[in-house]
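Work through the exercises below with the sequence and the model at hand. Each task is followed by a solution in steps.

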Amino acid sequence: MSTTTEGTSGSAKQVFTIEGATVRLAGDSGDGMQLAGMQFTNTSALAGNDIATFPDYPAEIRAPRGTLAGVSGFQLHFSSDDIFTPGDKLNALVAMNPAALKTNLADLEPNGILIVNVDAFDKKGLSLAHYEKNPLETGELDGYNLIKVNMTTLTRGAVKDLGLNVRVADRCRNFFAMGLLYWLYGRSTDVTLRFIDAKFGAKPDVAEANRRTLLAGRNYGETTEALPSSYHIDPAKLTPGTYRNMTGNQALAWGFMAAAECSGKELFLGSYPITPASDILHELSKFKNFGVRTFQAEDEIAAITSVIGAAFGGAMAITTSSGPGIALKGEAMGLAMILELPLLIINVQRGGPSTGLPTKTEQSDLLQAMFGRNGECPIPIVSACSPADCFDTAIEAWRIAVRFMTPVVVLSDGYIANGAEPWRIPDIDDLPKIKITHPTGDDADTFHPYSRDEHLARPWAIPGTPGLMHRIGGLEKQDITGDVCYDPDNHQHMTDLRAKKVANIADDIPLQDVNGPEKGDLLVLGWGGTFGACTTAVERCRAEGLSVAHAHLRYLNPFPANLAELMGRYKKVLIPELNMGQLRFLIRATFLVDAAGLNKVKGKPFAVSEIADEIKRLLA
Amino acid sequence: MSIESLPILTSADFASDQDIRWCPGCGDYSILAQMKKVLPTLGIPREKTVFISGIGCSSRFPYYMNTYGMHSIHGRAPGFATGLKITNPDLSVWVITGDGDGLSIGGNHLMHAIRRNLDLNIILFNNRIYGLTKGQYSPTSPLGKITKSSPMGSIDNPLHPLSIAIGCEGAFVARSIDMNIKHLGQMLKRAAEHRGTSFVEVYQNCNVFNDGAYSWATDRESKADATIILEHGKPLIFGKDRNKGIRLNGMEPEVVELGKGVTEDDLLFHDEKSPEPSLAYLLSRMRHPEFPEPIGVFRAVDHPRYDDELNRQVEIAREKQGQGDLNKLFHSGETWSVSS
Ligand SMILES: Cc1ncc(C[n+]2csc(CCOP(=O)(O)OP(=O)(O)O)c2C)c(N)n1
Ligand code: SF4
Ligand SMILES: [Mg+2]
C-alpha cells in the first residue's frame, strides 16, 4: 500500500493506493442492492480495473421487508491485477439494515470497513433480524472499522425540497451508499450520472433525487471524520483492446447472435421463463432487427419441440432453461438426437433437485446432461467457465452442432450467468466463419436423408427444397435411407454409428491444456464456473512451492483426446465441484482414475481458500 | 411461380413409397385417400408441404405422404409445427393428431396452438380410443365404455374436441366423418385454404378396438337423422325426408318438425362468420342421440396470426432500427479502451 496526498477525486484527505478490494452491498431486496452493485461494477470497470462480481439474492421477489429471508447482496472484487473470483473475504461491507448485517457479517475480514445505515437499526428492524440488543451498541462490532451513517435521514435531507413522498425519497438510499463507496475508492460518478439520465429521464424529479443523493453520499465521505482516508486502485494491465462489462447470460445471448451471423443463419429461440436462464430470453427478445425470433412457449416441452421444428426448417435454433425445464425436455432431446438435427440446449444450472434453490448456483446437472434420456442417447456437452467465456462457448457449441449434425448441450450456471467481468470486444469479421451446406434440388438423384459425410454427419435437407422430400421421426431408421426399420442388426449398427459420431468430436476439438507444470504431484481438474477459484487457488499454492497444476474442461462429452494421458502425469487428481461428485464419477468410470473430490452444495461458489486448503491437505 | 406453370400433380404424386401399416378397414385409409386427392388441387408444390404428427396409429400418416414430414413424439406435434412455421412462413404445415395424442398428453399444446392461430392445419383423428397401444379408453371415450383399462366401464367424463377448440378461440373449426369422403375432402380443402389455425375433427372408425363407434353417423338408415350438415347462411334442416330442423328455444337448441306451424324461417340459421363463438359452441354441444350431430364448418373467422405478427415485428424493427450490426451492438453503451 502506497500513500499519496492527492486522490483522483481531488480529495483533501489522504489517499492510499491499494491493489484491489472486495466490497459487498447488502440490504433488503427492495433496497436496490443489485442496481447499486451493477453501477459500482460498471464504474470500476470503466476505471480500468479487472472485476469479478457475485450477485446473491433471495428466491422471493419481495420477502417481508427487513427480514433475514429478504436480504439481497451484491459482491464486487476489483483490482489492478488479473483476478478470477469475486473474492473470499470482504474488505468492506455496507449493511443497509440489521438483517443484512446479521447475514453478511461473517464474511467481513477483521478490521474490515463496516458501513451501516443506523436509521434502520430501530426496534422493529432489530426485532425482524432477531437481534435482542442493538449490535451497534453492545460492542460486538469492535473488531471492525464501524462507520455509522444516518443514511435515511441524510437521503431525505438531500431531496427535501423536491416534494417527493417519503417512500420515493427512501428509495434513493442505495444511491447514497453508492456515492459513499465511490468516494472511498476514488471513483468518478460520471457513469452513474449518465445511467440516471438514461433510466429516469422520463421522471425528472426522481432523476434529480437520485443525482442529489449520489452526490450527497460522495460529499459525506469527503466531510465525515469517520473516514480519514480513501483508496486508489490503478487500472489493470489487461490485454490491449476495447472492453465492456458482460454478465454470463448476456454473453451467451450475444454469442448465439454472433454464431448465427458467422454461419449465415437467423436465430430462433424457443424458451419458457425460468431462473436463472430467463435473462437470455429477455436479451434476445430485443434484437428482432437482427432477425432474431423469440418464442415464449407454453412450457419447456413446447419450447424444445418448436426448436426442433425450426431446426428441421434450417434455422439456427436454440432453447434455454435450467434443470427442472431440462428434465421436461428429456424426451424431445432424445428425438433431436435420433433425428440428427443441429440445435442447442442451454442449461443455466441452479440448486436442485426439483425446484431446489432457484436463485443459487450449483453444478449438479452434469449427469442429467450426460444421461438424462431413455435409450442410448449420447449428446455432446460443452461448458462455459466464466461470464465472458460464455460468448466463445456459444459459438463453439454451434460449430459442433452443425459440423456433426447433433444437438449440443451448453452448461452454464447461476454464478456465471449473473456474475460480470470485462469482455474484450472482438471484431465480428475476425470471428471464424461456420460453414453450413444444405443439399439442393440438384442433389435429388443421389440424396439419402441418412447418408453420412466424413464426420458421420447426415445431410441437412430443408423443407421447401424440390426433390428432397423425406420423412424423419423417432422410430429407428434404416441406415442411409432413413426409412422406418425394425431390423435388429440395423438398430445395433445405427446405435453404434450415433455413438461413434459423438465420440469422433474428440478429434475436432483442442487438446486439453494445463496451467502449471507439465507433470507433478497434483492436478486440479475442474469444469464450469469453478474456473476462477481453481485458477487462483492453484496459483497461490504454486507460489508457496507446491507441485500443482490446473486443467479446466470446456468439453465434457466427449472429453479431449489427451485427457487420460494428461491425468497420468500427476500423482493425484483433485476434482472440485459444486455437486456431490458428478465429473469425478465420469472420470472414474471412463478412465479408472482414482480422483479425489472436493464437493459442496451450499448455493455459493467455492472460496479460493477452500480449494487451496484441500490442495495442501492432499499434498501434506 | 404462378399456378399455371406448376406441373399438374395427381393423388399418386403425393403417395410415398412406404408400405401402409394400418389395419385393413381402418378409417385412417379414407382420410389418407382424401388428403392425397385434395393436395393436388391446392396449387402448392409437394416440397412446400409438411406433415407433422405425434404418436399413435393416426400419427403414422406423414410416412405415407410424399412431402416433407416428421413423426415426432407423443402429443407434441403442435410445438414442432409452430417452430417450423415461424421460421418458414411459406411452407404449408399440417398437424396430424389423435384423440389421445392431441387431447390427453398433448392437450396443453393443442390449446396454445389454436389460440395463437398460426397458419397451420390441424387434423384430429377421433376414434375415441387409444389405437396404437391396443385399446384403452381415451379422453373422448363415452362414459361407461368398456375397454382393456376400464373393464367395468369408463368413469372418465369425456371432452369434446370442437368445444375445446372453440373455447381456445379457434378461428376455423370443422368436423367431418371418414366414410363421408366427399364431405371430408371439402373440409380438408376449406381447412387448407383458411389462413390461421384450422382445426378439423374427423370421426374415424377403429375397426379393431372401437368398431362402430360412429355407425349411427355412417349407416345408411340412420345417418340422415343422426347428423346435420352445416351450410353457411342456411337453416339447420336434417332428416331422411328433410322435414326436421333445429330451433332455438331461449338459449337451448331443440329439434322441431317442419310444417305443423313451423317454417324454415323459425329455424336456426348457420353463420360460420359470426364474430361471437356462442353459436358455434352451441352447435358443438349437440350430441347424438338427443340431437343430430353437426358436420361441416362451425366457425371460419379471420383472426391475427402469430406467425404473421412475429415476422411483421421483425420487419418493423428492421425498418426502424435498420438491419442489426453486431459490431455496433458490441460497442454500444459503456466501453473502455486499454492500450498497450
Ligand atoms: C410419452 C409417451 N407416452 C405413452 C406413449 C404410448 N402411446 C403411444 S400412442 C398412444 C395413444 C394414441 O392414441 P391416439 O392419439 O388416440 O391415436 P390412435 O392410435 O388412436 O390413432 C400412447 C398412449 C408414447 N408413445 N409416448
Ligand atoms: S388399431 Fe384401430 S386405429 Fe389403429 S390402425 Fe388398427 S384400426 Fe386403425
Ligand atoms: Mg385414438
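**Exercise 1. The shell around ligand 1**

Task: Find which residues come nearest to ligand 1, and which helix gives the most to its shell.

Solution. Start with the residues around ligand 1 in this predicted model. There are 17 of them, and Gly56(B), Gly98(B), Gly100(B), Asp101(B) and Gly131(B) come nearest. Next, assign the shell to secondary structure: helix H3 of chain B, residues 99–105, gives the most, with three residues. Last, sort the shell by class. Six residues are nonpolar, nine are polar and two are charged.

**Exercise 2. The shell around ligand 2**

Task: List the residues around ligand 2 and sort them by class.

Solution. Begin with the cysteines in the list, which are Cys23(B), Cys26(B), Cys57(B) and Cys206(B). Then add Trp22(B), Asp28(B), Asn127(B), Gly131(B), Asn207(B), Val208(B) and Phe209(B). The classes come out as seven nonpolar, three polar and one charged. Gly131(B) is thus found around ligand 2 and also among the residues that come nearest to ligand 1.

**Exercise 3. The nonpolar cores**

Task: State which residues have the most contacts inside the largest nonpolar core, and follow the contacts of Ile308(A).

Solution. The largest nonpolar core has 255 residues, and Met257(A) and Ile308(A) have the most contacts inside it. Now set aside the neighbours of Ile308(A) within four places in sequence. In chain A, Ile308(A) is then in contact with Ala332(A), Leu335(A), Ala336(A), Leu339(A), Leu341(A) and Leu343(A). In chain B, Ile308(A) is in contact with Phe80(B) and Gly83(B). Another core, of six residues, lies apart from the largest one; Ile129(B), Tyr130(B), Tyr137(B) and Cys206(B) are among its members.

**Exercise 4. Where the two chains meet**

Task: Describe the contact between chain A and chain B, then find the strands that join across it.

Solution. First count the residues: 57 come from chain A and 51 from chain B. On the side of chain A that touches chain B, the elements that each supply at least two residues include helix H1 (33–46), strand S10 (241–247), helix H10 (248–262) and helix H13 (323–339). The largest share on this side, nine residues, comes from H12(A). By class, the side of chain A that touches chain B has 31 nonpolar, 16 polar and 10 charged residues.

Then turn to the strands. S10(A) is joined by three bridges to strand S12 of chain B, residues 336–338, and the two run antiparallel. Within this pairing, Thr242(A) stands opposite Ser337(B).

**Exercise 5. Domains of chain A**

Task: Locate the domains of chain A and describe how domain 1 meets domain 4.

Solution. The assigned bounds are 2–232 for domain 1, 245–430 for domain 2, 441–508 for domain 3 and 520–619 for domain 4. The C-alpha centres of domain 1 and domain 4 of chain A lie 36 Å apart. Five residues of domain 1 are in contact with nine residues of domain 4. On the domain 1 side of this contact, three residues are nonpolar, one is polar and one is charged.

**Exercise 6. Helix H20 of chain A**

Task: Name the buried residues of helix H20 of chain A and what they pack against.

Solution. H20(A) covers residues 582–591, and its buried residues are Gln582(A), Leu583(A), Arg584(A), Leu586(A) and Ile587(A). These pack against helix H14 (366–371), strand S19 (520–527), strand S22 (570–577) and strand S23 (596–599) of chain A. Just after H20(A), Leu592(A) takes a positive phi of about 55°.

**Exercise 7. Backbone details**

Task: Locate two cis peptide bonds and say where Ile480(A) and Lys134(B) lie.

Solution. Recall that most residues other than glycine have a negative phi, and most peptide bonds are trans.

- Asn557(A) and Pro558(A) are joined by a cis bond with omega about -10°. Pro558(A) lies in the loop between strand S21 (555–557) and helix H19 (563–567) of chain A.
- His288(B) and Pro289(B) are joined by a cis bond with omega about 5°. Pro289(B) lies in the loop between helix H9 (278–284) and strand S11 (293–300) of chain B.
- Ile480(A) has a positive phi, near 75°, and is found in the loop between S18 and helix H17 (488–503) of chain A. Ile480(A) counts as exposed because 12 other C-beta atoms lie within 10 Å, and the cut-off is 12 or fewer.
- Lys134(B) has a positive phi of about 75° and is found in the loop between strand S4 (120–126) and helix H5 (161–167) of chain B. With 11 other C-beta atoms within 10 Å, Lys134(B) is exposed.

Note on methods: Residues numbered from 1 in each chain as written. Chains lettered and ligands numbered in written order. Predicted model: local features only at pLDDT ≥ 70, side-chain atom pairs only at ≥ 80, totals over all residues. Near = placed C-beta within 6 Å. Helix = DSSP H or I, 4+ residues; strand = E, 2+ residues; numbered from the N terminus. Nonpolar A, V, L, I, M, F, W, Y, C, P; charged D, E, K, R; others polar. Core = buried A, V, L, I, M, F, W, Y, C linked by C-beta atoms within 7 Å. Buried ≥ 20, exposed ≤ 12 C-beta atoms within 10 Å, placed from the backbone. Contact = placed C-beta atoms within 7 Å. Pairing = 2+ DSSP bridges. Domains from an automatic or database assignment.
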